[in-house]
Protein chains: 4
Amino acid sequence: MIKVSIAGGTGYTAGELLRILLNHPEVEIDSVISSTSVGLPIAETHRDLLGETELRFVETFNNPDVIFLCLGHGLSRAFLDGNTIPPSCKIIDLGNDFRNDPQYAGRHFVFGLCELNKDKIRRASNIANPGCFATSIMLALLPLAALNKLTEDIHIHAITGSTGAGKKPGETTHFSYRDNNISVYKAFTHQHLDEIKRTLEAAGSKKLPPINFVPMRGDFTRGIFASVYTKWDGDAVSLEETVEHYKTFYRESPFVFVSDKAISLKEVVNTNKGLLHIEFHNGYIHITSIIDNLLKGASGQAVQNMNLMFGLDETTGLKLKASAF
Amino acid sequence: MIKVSIAGGTGYTAGELLRILLNHPEVEIDSVISSTSVGLPIAETHRDLLGETELRFVETFNNPDVIFLCLGHGLSRAFLDGNTIPPSCKIIDLGNDFRNDPQYAGRHFVFGLCELNKDKIRRASNIANPGCFATSIMLALLPLAALNKLTEDIHIHAITGSTGAGKKPGETTHFSYRDNNISVYKAFTHQHLDEIKRTLEAAGSKKLPPINFVPMRGDFTRGIFASVYTKWDGDAVSLEETVEHYKTFYRESPFVFVSDKAISLKEVVNTNKGLLHIEFHNGYIHITSIIDNLLKGASGQAVQNMNLMFGLDETTGLKLKASAF
Amino acid sequence: MIKVSIAGGTGYTAGELLRILLNHPEVEIDSVISSTSVGLPIAETHRDLLGETELRFVETFNNPDVIFLCLGHGLSRAFLDGNTIPPSCKIIDLGNDFRNDPQYAGRHFVFGLCELNKDKIRRASNIANPGCFATSIMLALLPLAALNKLTEDIHIHAITGSTGAGKKPGETTHFSYRDNNISVYKAFTHQHLDEIKRTLEAAGSKKLPPINFVPMRGDFTRGIFASVYTKWDGDAVSLEETVEHYKTFYRESPFVFVSDKAISLKEVVNTNKGLLHIEFHNGYIHITSIIDNLLKGASGQAVQNMNLMFGLDETTGLKLKASAF
Amino acid sequence: MIKVSIAGGTGYTAGELLRILLNHPEVEIDSVISSTSVGLPIAETHRDLLGETELRFVETFNNPDVIFLCLGHGLSRAFLDGNTIPPSCKIIDLGNDFRNDPQYAGRHFVFGLCELNKDKIRRASNIANPGCFATSIMLALLPLAALNKLTEDIHIHAITGSTGAGKKPGETTHFSYRDNNISVYKAFTHQHLDEIKRTLEAAGSKKLPPINFVPMRGDFTRGIFASVYTKWDGDAVSLEETVEHYKTFYRESPFVFVSDKAISLKEVVNTNKGLLHIEFHNGYIHITSIIDNLLKGASGQAVQNMNLMFGLDETTGLKLKASAF
């Protein structure tokens, strides 16, 4: 059994990790750490866990094989500074501290996009888990990057659910504001652009064109819907060949599928899947890409990384029932 | 023209007042007071007012004929203590400070339920505007109270939109919590019970039975749907006679209507109307009652009171287009 | 392995069954029957199943150990009339044909409320799976019925998600109507009242009082929130004793829990759990009860019944990750 | 008073017209025509109108000054074929029959985009009212077209509310499907592209570049949020100059405003306004544009056209209270 510790145990991604790990056949919980709720039952914070665990938040870890850091962006370094983690203990960071800056405290963080770095992840001791927007966009573009076929401006609109903004309530997550509302934020400047670019280059894109990314706030709780297009020579590579290339590219990826029909977000909500659909129009290739931001975009992918790191089947504990509605 | 001042100008009820008053043919704005936003454009807080007003928040009133207090419960007394309001200036309080305790600072506050106290309101200088839950429930029960026919336990479930909880974000108004969720709060103990009881007695109920009221938080922004029933002798007074009695009771009330068909909340959203539907079952009379909590349940009713106090037609400025969808 | 057939395979409850059964360790699919979609991939109808099954709809069953009937109310009898089902094949009917009328075609249908009839279900060959509203309400009242303490009028409001209305689109499931809306339907006359009464009597209620039940349509997709109260002598049985009685009553029920804190619907959505919360007010006991209408209220409970009928652990395949948001 | 007839009286745009026109100070209703509901009260179909009108649907018009055609796309020609409309009676068509094909039955239909064709509309007898997506997109681009500055690919994503799909229920407007869901449809091929192109050319664009338009279905009822960008030489024309140009361009347009801050959809819902926000990024000008699809995108704009055609102030009857929440 893998002994797991979770730091930052009261947040959304920690809750989602617990929902997965309490049913994971190869995991036992070492500790769920919270600086604010020590001693309180976990099920009082993550209310859906009532009846499923008697665990309480603790101050620090015992003897874990792996620690998941669910601390909020920028706080993972401080955690490593303030805690003496045994070198044998692996780390999976769900924040953005090590995605673009993989060296810290004597540890090297592998970028945990399983669909690109599976072998490295299997050998890794430390993982920088990808961002949610980044994951949905990279899944759309990786097969093109691998062909080094990204040559002209990439155009992206992607809409995220409210859980992407975390637990702390604020103006744009107030129900009275958000319900039946839509807005744009950080247009063309979202912080995930860096990890997207680095990853596409790592995948084989030699001279990456500009990426134009407009993130939007959706009036739903879970999921990311990304719509991506870039110039494509459909005469050189036909739609059939392109779809086939995508399917081949993701052949070893048990959670990523190409749909022949148009897709809608709820087809992946509450699962660890990524779903893609491809069309050609106006000389562009248009890819729609959907994931659950808390699962494939965060905690699900983190467990997928853990499975790989510990030599388990990648899908262990991750065959989740879609909510579908 | 009536010169209007609004205290507590940044909150939801103040915004809703402004949406009405900027189009009200007999009103000019004296001042919109805010302790936190002095000097800032009103349309930066109430964003839908962009293009409709250049007004800015100010520190205090100039020379108003009436002040609307939109301060939050318990803060109206402090405002009267801290400000010297000319005796000629009328006051309409949207908080709950004076609903059950109508005497303060030498002023007497008339309970502003237009459907019961129209004549008193016409002569009033100070109004305690009714609560939103209370309004929806009183409209359902007033005609029965007037017959002194409320004799056995009254059973009420009422669901409110999120705007009833105000602008300050919190756990139960977080979109990630509230979306697609339902919950009960303050079951049997809601603070509006007092004003409901006092009003039903004032309407003619001699010996009021227990009122059992379960408030619920709905996953919508605007409106209250109340479902109310109590024992009723359908042999003594038939459904037809009862409906006729309701229609007669509300004959002079331009915003309250009895529907012969079952009702759904959005039939009144973004209007100042109250809609009722009556059925008999199991020896009970069952009344469903719907209002928009921010309009008939707050700012709309406040303007209705103002219209009456200043001798205008009750509906002036309040013929609002329903949003319907 | 249990060979399972599903009749009525394109509807919501069939889809939900498939979501569970495809991951159930003791099940293999014998056939998914549809009169309208023979030959088409199941994942084209239940789109979230893309990548999880290559199955196609078929015209009839092969050699199943159990058939789930997901046919819509009133159509199960016709299915039994029109198909020769081997006597050894068990039947679990998700419709309402046999709930109050358990004898048909030489088969006896046990009412499949696992929390009441576990032993009978273990020995049963045919199950009438309970209704969704009925399940949420029975879970709230069973422990009181068992004490024969239901003596005065029972008052119930319960709000259902839109999936309770099934797949066929109509006026009250149109998004433009339902979004941000609330309405009452079949007040005091809902068809589940019969099975509720029969079950409470079976549980021990000797002289059942009137049950007043107001069903409501909620603007969410999944779940039922029931608010139930009836007179209770809190001096005779204290809150602590009552809560303890509930917990004892449900000791052997792995999916039903009593929460010491107020509950909200999403704590059970996408799980097979039932959650209860109890308070005393005004001489009443007030019970809130929540389930997922498609799981504990339909397909989840159906699988729970199957598990019991086939001697499996009751929870097999039903430890589902809550969607939580 | 203008005598108004509405054909196709039971649909969404007809209902919205009635909500406006019943409060319009210069209008009286000549007739509300429906082939399916003759004799029934209008308020039974448009339920929010209860208490506001006793009108009933009729079979044909009496003696109107203007007829609004709310018939659904493709049915307006048939209506003109089947009815003898006096030449003096004006026509405003809310369908798409005459937007790109303005000559029919001896009548010439002016494209009713008030922000471009105000003078022509004032003199027009027949109006082809613009489409909803088209309106939101044209408002974003008209000032650039007027400068003949549209030279490189235009990139558009726009999300629409469910009311854009009309009253007839279907799979993608089923609440169980649409709630908390997002999807793309008619990517790059939406039928509004024609009227957009024609209009931008009419506004001054000499050599229109390709327009790439991805429409999306949003999980809200009202409104369109359009995000539009195209290459822009920010060194040649600064952001300040560009914003100033937009403000100047819309100086005579009482419903269109440029916001200096980022915008969110609900700022215009239930109003006839169009709101724009402009930013520069990556060598692109990025414009977000919002309207209410049923008002500025349909019935509100239709009344605006009527006001112009009859010499009234453009805003008469259209100063609507935003719903805001």
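In the hairpin built from S14(C) and S15(C), two residues sit between the strands, and C:Asn282 takes a positive phi near 55 degrees. That is one small corner of a predicted model, and it's a handy place to start looking around.

The two arms of this hairpin, S14(C) and strand S15 (residues 284–291) of chain C, run antiparallel and are joined over eight bridges. At one point along the pair, C:Gly274 stands opposite C:Ile291 in S15(C). S14(C) has another partner to deal with, though: strand S13 (residues 256–259) of chain C pairs with strand S14 (residues 274–281) of chain C in the parallel sense, over four bridges. Here C:Gly274 turns up again, as the bridge partner of C:Val256. In general, strands of a sheet pair through backbone hydrogen bonds, and they can do so either parallel or antiparallel.

Staying in chain C, the helices have a meeting point too. Helix H5 (residues 132–146) of chain C and helix H9 (residues 295–309) of chain C have axes that come within 8 Å and cross at roughly 100 degrees, which means that H5(C) is roughly perpendicular to H9(C). On the H5(C) side, the contact is made by C:Cys132, C:Thr135 and C:Ser136, and H9(C) answers with C:Lys296, C:Gly297, C:Ala298 and C:Gln301. Sorted by class, this contact has two nonpolar, four polar and one charged residues.

Over in chain D, six strands make up an open sheet with parallel pairing, in the order S2-S1-S3-S4-S8-S7. The edges belong to strand S2 (27–33) and strand S7 (110–111) of chain D; each has a single partner strand, so one side of each is left without a neighbour in the sheet. The partner of S2(D) is strand S1 (residues 2–7) of chain D, and the two pair in the parallel sense over six bridges. One of the matches is D:Ile2 with D:Val27 in S2(D).

Next, how is a single chain divided up? The domain assignment of chain A gives domain 1 (2–130 + 296–309) and domain 2 (132–293). The C-alpha centres of these two domains of chain A lie 25 Å apart. Where they touch, 16 residues of domain 1 of chain A are in contact with 28 residues of domain 2 of chain A. On the domain 1 side, helix H4 (114–123) and helix H9 (295–309) of chain A each supply at least two residues. The largest share there, six residues, comes from H9(A). By class, that side of domain 1 of chain A splits into six nonpolar, seven polar and three charged residues.

Finally, there's the question of how the chains fit together. Chain A can be superposed on chain B by a rotation of 180 degrees with 0.0 Å of shift along the axis, at an RMSD of 0.0 Å; that is the relation of a two-fold axis. Of the residues of chain A, A:Phe175 comes closest to this rotation axis, at 2.1 Å (C-alpha). The contact takes 12 residues from chain A and 12 residues from chain B, and the side of chain A that touches chain B has two nonpolar, seven polar and three charged residues. Chain D also meets chain A, with 32 residues of chain D in contact with 33 residues of chain A. Several strands of chain D each supply at least two residues to this side, including strand S9 (154–160) and strand S14 (274–281). The chain D side divides into 13 nonpolar, 16 polar and three charged residues.

Terms used. Residues numbered from 1 in each chain as written. Chains lettered and ligands numbered in written order. Predicted model: local features only at pLDDT ≥ 70, side-chain atom pairs only at ≥ 80, totals over all residues. Least-squares fit on C-alpha atoms with pLDDT ≥ 70 in both. Pairing = 2+ DSSP bridges. Contact = placed C-beta atoms within 7 Å. Nonpolar A, V, L, I, M, F, W, Y, C, P; charged D, E, K, R; others polar. Axes fitted to C-alpha atoms, helices over the stretch in contact; angles between N-to-C directions. Parallel < 35°, antiparallel > 145°, perpendicular 65-115°, else oblique. Domains from an automatic or database assignment.
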